Amino acid sequence: MALPTRAQFVQALNKVQRPQGRQLDFLRKHVLAPGRALTARRLAQSVGYKSHDGINLQYGLLARRIGDALERDGEGIALLVDLVRPKSVTNAEWIMVMHAEFAEALKEAGWV
């Protein structure tokens with residue numbers, strides 16, 4: 001299934017509850033990262049989570065809420081980010097690259 005457009009993401013963001021605290025913090029950090037690319041561990045460290053598990057959980061919950069607002073059942077984290085396999089870009093960890101459409105929607109909706 002094709003990714004939502006920036007406009008579709010904006011509509012969905014306007015339907016769901018805006019995150020607070022660290023969830024909003026990591027979205028800001030991710031949008032501002034070079035190429036919108038970070039490992040889950042680095043993103044977690046940047047907002048004070050003990051491990052990458054918090055990022056995976058919170059991104060997954062957010063993806064589900066946005067997917068529901070878009071009427072796309074069962075959406076996971078891939079709705080919001082591309083996951084780049086370790087070693088494919090000379091790294092030891094998966095890299096999460098935020099979709100450009102999602103990043104622009106976050107800005108337009110005033111979340112970041």
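Hi everyone, here is a short tour of the sheet in this structure and the helix that packs on it.

Before we start, this is a predicted model, where local features need pLDDT of at least 70, side-chain atom pairs count only at pLDDT 80 or more, and totals for chains, interfaces and linings use all residues. Residues are numbered from 1 along each chain as its sequence is written, and side-chain values use heavy atoms, with hydrogens and water left out.

So, which order do the three strands take? The sheet is open, runs β1-β3-β2 and has antiparallel pairing. Strands here are DSSP runs of E, at least two residues, and helices are runs of H or I, at least four, numbered from the N terminus; two strands pair if DSSP finds at least two bridges between them. At the edges sit β1 and β2, each pairing on one side only. From one strand to the next, the twist averages 30 degrees.

Let's look at the pairs. Strand β1, residues 37-39, meets β3, residues 95-98, over three bridges. There, A37 stands opposite V97, and L38 faces M96. On the other pairing, β2, residues 81-84, joins β3 over four bridges, with V84 opposite I95.

Finally, the helix: α2, residues 21-32, packs on the sheet and touches β1, β2 and β3, contact being heavy atoms within 4.5 Å. Its direction makes about 85 degrees with that of β3, using lines fitted to C-alpha atoms, for helices over the stretch in contact, with angles from 0 to 180 degrees between N-to-C directions.
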